[in-house]
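Dear colleague,

I am handing over the structure below, and would be glad if you could look through it before reading on. My notes on what was found follow directly after it.

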Amino acid sequence: MWSNFFLQQEDDGRVGTAALGGLGGKSGRSGERPKPPRMSDSQEGKIKLAFFVALIGVTLTVLGMGTEFWVELSQPKHSRNNQTCEMAHYGLWKLCVRTLWVSDIDPERESCGPAELPGESNCTYFKFYTSGENAVIFKKTTENRLHIAGAMLALFSLFLMIMGSVCITMSLSKSVPFFLKPATICFIFSGVLVFLSIIVFHQSVLALLASDHSIPLHHQLSWSVACLGSAGAILIFGGLIFLLLSLPYNALEKCFRQQSSSDA
């Protein structure tokens, strides 16, 4: 009798445990979070294409920041009354003073240059990043605060480009569109900062020219600034593409339908 009683208790315990396990499994399955939406192959292809466009902007930014052809300062080619003349070109970090032959300069050009002509070159790095000493170019003194501000804006824009590239890489590796919106913010703001860096740098050039009027100088922005301007436009364009790709497909389809109906 006692043996039958204990066997019945064990069977009841097994049944209760199995019932509790089934309830626990059901509650666990009902409490699972929905998985984030995955990107389709066509959407991934579009993101890769937009990322390639943004990388072109990043490359142009690095090229412009690393070169010293932001602005060219040219003296009148007959100011020294001999066969040579001097001109200077510099960027964010480096200054180069070149001595050119007057015979190599275009006869219709009144100032010395351009910098691509053959001649002797003497290049030095700016010291106001380390010792705070201003640079003197043809008796004119640089405005180091504006120059440093332009350099800091350019560096911060490069930092945002790196963060945007990391977001796009994570979005492609995880196949989720969540990181597209942070990448949009990074790329658009980096493009805006590139333009602000050019504006601040140009203001520093104007302050340099206004520091002394004894020597007339002709100045013009060079190809490094052209690279940066193109990079800023490309980065903003790439950020806008990422913004469109981050929107849900239904919202985009609705927007296109409204646009087509308004055109009709």
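Which residues do ring pairs link into a cluster? The answer is Trp70, Tyr90, Trp93, Phe126, Phe128, Tyr129 and Phe201, which are joined to one another through such pairs. Please keep in mind throughout that this is a predicted model, and that every value quoted here is computed from it.

The search for aromatic pairs, run over the whole structure, returned 10 of them. One of these is formed by Phe178 and Phe179, whose rings are 5.3 Å apart from centre to centre, with 80 degrees between their planes, an arrangement that is edge-to-face. The two partners differ in their surroundings, since Phe178 has a relative accessibility of 60% and counts as exposed, whereas Phe179, at 18%, counts as buried because the limit for that class is under 20%.

As for the annotated segments, the UniProt entry, which is unreviewed, gives "transmembrane region" for residues 49-71, 148-172, 184-209 and 221-247. In the model, residues 148-172 are 100% helix and 0% strand, and the C-alpha atoms at the two ends of that stretch are 36 Å apart. Residues 184-209 are likewise 100% helix with 0% strand, and here the end C-alpha atoms lie 38 Å apart.

On the surface, Leu49, Phe52 and Ile56 together make a nonpolar patch of about 310 Å². Phe52 belongs to helix H2, which runs over residues 41-66, and its relative accessibility of 53% places Phe52 among the exposed residues, because exposed means over 50%.

Ser246 presents the opposite case, as this residue of helix H5 (residues 223-246) counts as buried at 11% relative accessibility. Leaving aside residues up to four places away in sequence, Ser246 touches Leu180 and Lys181.

Several points of backbone geometry may deserve your attention when you prepare the model. Most residues other than glycine have a negative phi, and most peptide bonds are trans. Against that background, the peptide bond joining Gly113 and Pro114 is cis, with omega at about 0 degrees, and Pro114 is found in the loop that runs between strand E3 (94-101) and strand E4 (119-125).

Two positive phi values occur in the loop between strand E5 (136-137) and strand E6 (140-141), where Phe138 is placed and where Lys139 also lies. Phi of Phe138 is near 55 degrees, and Lys139, which is not a glycine either, has a phi of about 65 degrees. What, then, is the relative accessible area of Phe138, and is this residue buried or exposed? The value is 11%, so Phe138 is buried, while Lys139, at 61% relative accessibility, counts as exposed.

Just beyond these strands, Thr142 lies in the loop between E6 and helix H3 (144-174), and at 7% relative accessibility Thr142 counts as buried. With residues up to four places away in sequence again not counted, Thr142 touches Phe128, Asn134, Ala135, Ile137 and Leu208. Of these contacts, Phe128 also appears in the aromatic cluster described at the start.

With best regards

Methods. Residues numbered from 1 in each chain as written. Predicted model: local features only at pLDDT ≥ 70, side-chain atom pairs only at ≥ 80, totals over all residues. Heavy atoms only, no water. UniProt positions renumbered as here; feature names shortened; annotations may be inferred. Helix = DSSP H or I, 4+ residues; strand = E, 2+ residues; numbered from the N terminus. Phe/Tyr/Trp six-rings, centres within 6.5 Å; stacked < 30°, edge-to-face > 60°. Buried < 20%, exposed > 50% of the residue type's maximum accessible area, 1.4 Å probe, protein only. Patch = residues over 30% accessible without salt bridge, like charges linked within 9 Å, V, L, I, M, F, W, Y side chains within 5 Å. Areas by Shrake-Rupley, 256 points an atom, 1.4 Å probe, with all protein chains shown as cover. Salt bridge = Lys/Arg side-chain N within 4 Å of Asp/Glu carboxyl O. Contact = heavy atoms within 4.5 Å.
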